[in-house]
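Hi there,

Here is the structure I promised to pass on to you. Have a look at it first, and then read my notes below.

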Amino acid sequence: MTDAWRLQSARGARLLLLVLTQCCQTNGLRCYTDLEATKSLSMECGMNTGCVKIYKKADEYDPDSGQFIPLHKRGPETALFRGCFLVSTPDICFDSKSGLSYCWCSHRDLCNSSGLPSLHILLGFLYPLHLIRSEHNL
């Protein structure tokens with residue numbers, strides 16, 4: 001075996017390991033379960049589940065005068081429920097005629113509140129770039 005072949009095999013093994021660790025994660029989804037979105041009270045909902053958030057949006061119009069309220073002057077939304085949903089659905093929100101809004105999500109942990117993208121996704125993009133850069137430095 002030549003040194004070039006061994007080096008190529010080692011690179012291929014590292015790339016295969018990277019692909020397996022990024023695409024084959026089977027952890028259950030974790031969701032907030034309280035109105036304040038407290039991480040310590042969140043729970044793992046299980047496989048093929050999603051998170052749900054039901055809330056009431058702030059008024060768009062003044063109830064007394066009927067005047068439009070600009071976004072920056074509106075009050076905050078009021079969370080009514082956060083928890084697990086039995087079916088994994090695409091991320092979607094729906095405004096009902098009752099004035100309540102419903103959001104379902106299943107793309108990442110604690111998605112029934114705003115947050116930052118998962119770190120392992122970022123590393124999944126950076127590690128292959130590191131491998132390519134390493135090859136050119138040899």
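**Strand S6 and its neighbours**

Strand S6 covers residues 100–105, and its two faces differ: Ser101, Cys103 and Cys105 lie on the covered face, while Leu100, Tyr102 and Trp104 lie on the uncovered one. Please keep in mind as you read that this is a predicted model.

Which strands pair with S6? One is S3 (residues 50–56), which runs antiparallel to S6 and is joined to it by 6 bridges. If you want a place to start looking, find Lys56, whose bridge partner in S6 is Leu100; Leu100 belongs to the uncovered face.

Strand S5 (residues 92–95) is also antiparallel to S6, with 4 bridges between them. Here Cys93 stands opposite Cys103 of S6, and Cys103 is on the covered face. S5 and S6 form a hairpin with 4 residues between the strands, and in this hairpin Gly99 has a positive phi near 95°.

**A look at Thr78**

Now move to strand S4 (residues 78–85), where you will find Thr78. Is Thr78 buried, partly exposed or exposed? Its relative accessibility is 44%, so Thr78 counts as partly exposed, since that class lies between the 20% and 50% cut-offs.

Which residues does Thr78 touch, leaving out those up to four places away in sequence? They are Tyr55 and Lys56, and Lys56 is the residue we met above as the bridge partner of Leu100. Thr78 and Lys57 are 21 residues apart in sequence, yet their C-alpha atoms are 6.5 Å apart in space.

Enjoy exploring!

Notes:
Residues are numbered from 1 along each chain as its sequence is written. This is a predicted model: local features need pLDDT of at least 70, side-chain atom pairs count only at pLDDT 80 or more; totals for chains, interfaces and linings use all residues. Side-chain values use heavy atoms; hydrogens and water are left out. Buried means under 20% relative accessible area, exposed over 50%, partly exposed in between (1.4 Å probe, protein chains only). Two strands pair if DSSP finds at least two bridges between them. Contact means heavy atoms within 4.5 Å.
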